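The exercises below ask the reader to work from the overall form of a protein chain down to single residues. Each task is followed by a solution that goes step by step.

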Amino acid sequence: MMRYVMCCLMLVGIGVTRPARGEPFSSATPMYDRWHYPFSFTPGTRSVATCFGAAGSAAFNDRDGCVVVVWNTGALLPAGLGVEAYGVRSVRVTLTNPKDATWQIDTTVDEWFTYDVNGDDQLNADGVARGEPGDLDGESDDADAGRPIELFGAGFGPTYTLQTWTETSLYVGSDSVSDLPRDPFPFVFLGGGPDALHVEDNVKGLHNAGLGVYQFTPQPWAIGNPQQYTPGSQPTPFDVTFDVDLGLSGGSVRWYFREQLNAGRVAVYVTSLREALMFGSGPQLPAFFMKEGLSLDPGAKAARLDIDACQPVGPDFDFDCDVDEDDLDAFEVCQTGPGLGPPATGCERADFDNDLDVDSTDFAAWQRCSSGPGNDPQPHCDE
Ligand SMILES: [Ca+2]
Ligand SMILES: [Ca+2]
Ligand SMILES: [Ca+2]
Ligand SMILES: [Ca+2]
């Protein structure tokens, strides 16, 4: 038996790997975990990776010390079946912080102008909130102590792709000489997608001019939630869990994970704008064991991924592994009536019996599959 469970995937009902619901799958992944930082001279082999920011500092990405993790999901369930063959109910990422941490807990987003926008190493030196009379630095105080740890999608390009990047690849990003986009880079979707907004420099407002976006506060896909952590009195390692909000960006975030299951690799980018320290380390910073650091402490664990996935039945329009009212709403938009002609573009999926209309026969299929929120539909209910 493996001493360390490095990665667990909870997979439900896809193809040949069709375990009972809730049965965990384990493998010796992550495939890659890396401290994504310009001055990591041993890329991919660090035992612990810290997350911190350098907001407002020229030639440093605002999100400076970051973690990129890639899991080889294709080793656990078949990839390449087409995105339509993958539904995702939930995604949780768990990272483990070494003992003796002192960083303050903050589980809510801080606005971009509560960081050091002007790069003078002070926050809101004038003491006046952004935009108020007398504000000289464009900054406001941080209303709640601490900085959140934020999980985003991992975008790739122009140098790398999800398939070509490895944890030892040459670093691409700001390098203390020039302001450059990261590759891979943390991103959010613009509105309902598919355009990706870089977030590594959201305080300086770089890399998204082509989309008309400058300084902004991105909504993370998940915020780290420390488990049983007491800052300044923490004698053991502890987990930080990230429960992804798959409903963000009108389903585009869920699509990201479906698309990656199809690609056989799931990647996430974990960052914090917690203010930097000299040498990028210290108990004041969120820090996470990499797979190379498992011998450091009996409580060390590598990054873990839990995905509850499924092979969706036809009436599961939003691909979240149930058939409920949300799916009915989508179906009703597509209804045409008997013999009233082919479904509109985007509604082809609603024509379950493939007779070129969306009528009561198709609705009957929806009824057979109806399972309620969060419940598995009966297998083959749409046939
Ligand atoms: Ca400042
Ligand atoms: Ca100010
Ligand atoms: Ca805060
Ligand atoms: Ca559904």
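Two strands are said to pair if DSSP finds at least two bridges between them. The model shown here is a predicted one.

**Exercise 1. Find the strands that pair with E6, and give a bridge partner for each pairing.**

Step 1. Begin with E3, which runs antiparallel to E6 and is joined to it by five bridges; within this pairing, Tyr32 has Val70 of E6 as its bridge partner.

Step 2. Turn next to strand E5, residues 52-53, which pairs with E6 in the antiparallel sense over two bridges; here Phe52 stands opposite Gly65 of E6.

Step 3. Consider then strand E14, residues 266-272, whose pairing with E6 is again antiparallel and extends over five bridges; in this case Val69 stands opposite Val268 of E14.

**Exercise 2. Decide whether E6 is enclosed or open to the outside, and describe its part in the largest nonpolar core.**

Step 1. A residue counts as buried if 20 or more other C-beta atoms lie within 10 Å of its own. Nine of the nine residues of E6 are buried, so the strand is largely enclosed by the rest of the structure.

Step 2. The largest nonpolar core comprises 71 residues, and Val67, Val69, Leu151 and Val270 are those with the most contacts inside it. Strand E6, spanning residues 63-71, gives the most to this core, contributing six residues.

Step 3. For a single example, take Val67: leaving aside residues up to four places away in sequence, Val67 touches Asp33, Trp35, His36, Ala49, Cys51, Val270 and Phe288. Apart from the largest core lies another, of ten residues, with Val313, Val358, Ala365 and Cys369 among them.

**Exercise 3. Explain why Thr29 counts as buried, and say where it is placed.**

Step 1. Thr29 is located in the loop between strand E2 (24-27) and strand E3 (32-36).

Step 2. Because Thr29 has 25 C-beta neighbours inside 10 Å, it counts as buried.

Step 3. Thr29 and Arg304 are 275 residues apart along the chain, yet their C-alpha atoms are separated by 8.3 Å.

**Exercise 4. Work out which residues of helix H3 are buried and which exposed residues lie on the face turned away from them.**

Step 1. In H3, residues 360-369, the buried residues include Asp362, Ala365, Trp366 and Cys369. Seen down the helix axis, the buried residues of H3 fall within an arc of 100 degrees, so they line one face of the helix.

Step 2. A general rule helps here: an α-helix has 3.6 residues a turn, so residues three or four places apart point the same way.

Step 3. The buried residues of H3 pack against helix H2 (325-334), whereas the face turned away from the buried side carries the exposed residues Ser360, Ala364 and Gln367.

**Exercise 5. Describe the protein as a whole, from its secondary structure to its domains.**

Step 1. The secondary structure amounts to three helices and 16 strands. The radius of gyration is 23 Å, close to the 21 Å that the globule rule gives for 383 residues, so the protein is as compact as a globular protein of that length.

Step 2. Of the 383 residues, 44% count as buried, and among contacts with a separation of 6 or more, 69% are made by residues 24 or more positions apart.

Step 3. The protein is divided into domain 1 (7-110 + 146-310) and domain 2 (325-369), and the C-alpha centres of domain 1 and domain 2 lie 38 Å apart.

Terms used
Residues are numbered from 1 along each chain as its sequence is written. Chains are lettered from A and ligands numbered from 1 in the order in which they are written. This is a predicted model: local features need pLDDT of at least 70, side-chain atom pairs count only at pLDDT 80 or more; totals for chains, interfaces and linings use all residues. Helices (H or I, at least four residues) and strands (E, at least two) are DSSP runs, numbered from the N terminus. A residue is buried if 20 or more other C-beta atoms lie within 10 Å of its own, exposed if 12 or fewer, and partly exposed in between; C-beta atoms are placed from the backbone. A nonpolar core is a set of buried Ala, Val, Leu, Ile, Met, Phe, Trp, Tyr and Cys residues joined through C-beta atoms within 7 Å. Two residues are in contact if their C-beta atoms, placed from the backbone, lie within 7 Å. Domain bounds come from an automatic or database domain assignment. The arc is that of the directions from the helix axis to the C-beta atoms. The radius of gyration is taken over C-alpha atoms; the globule rule is 2.2 Å times the number of residues to the power 0.38.
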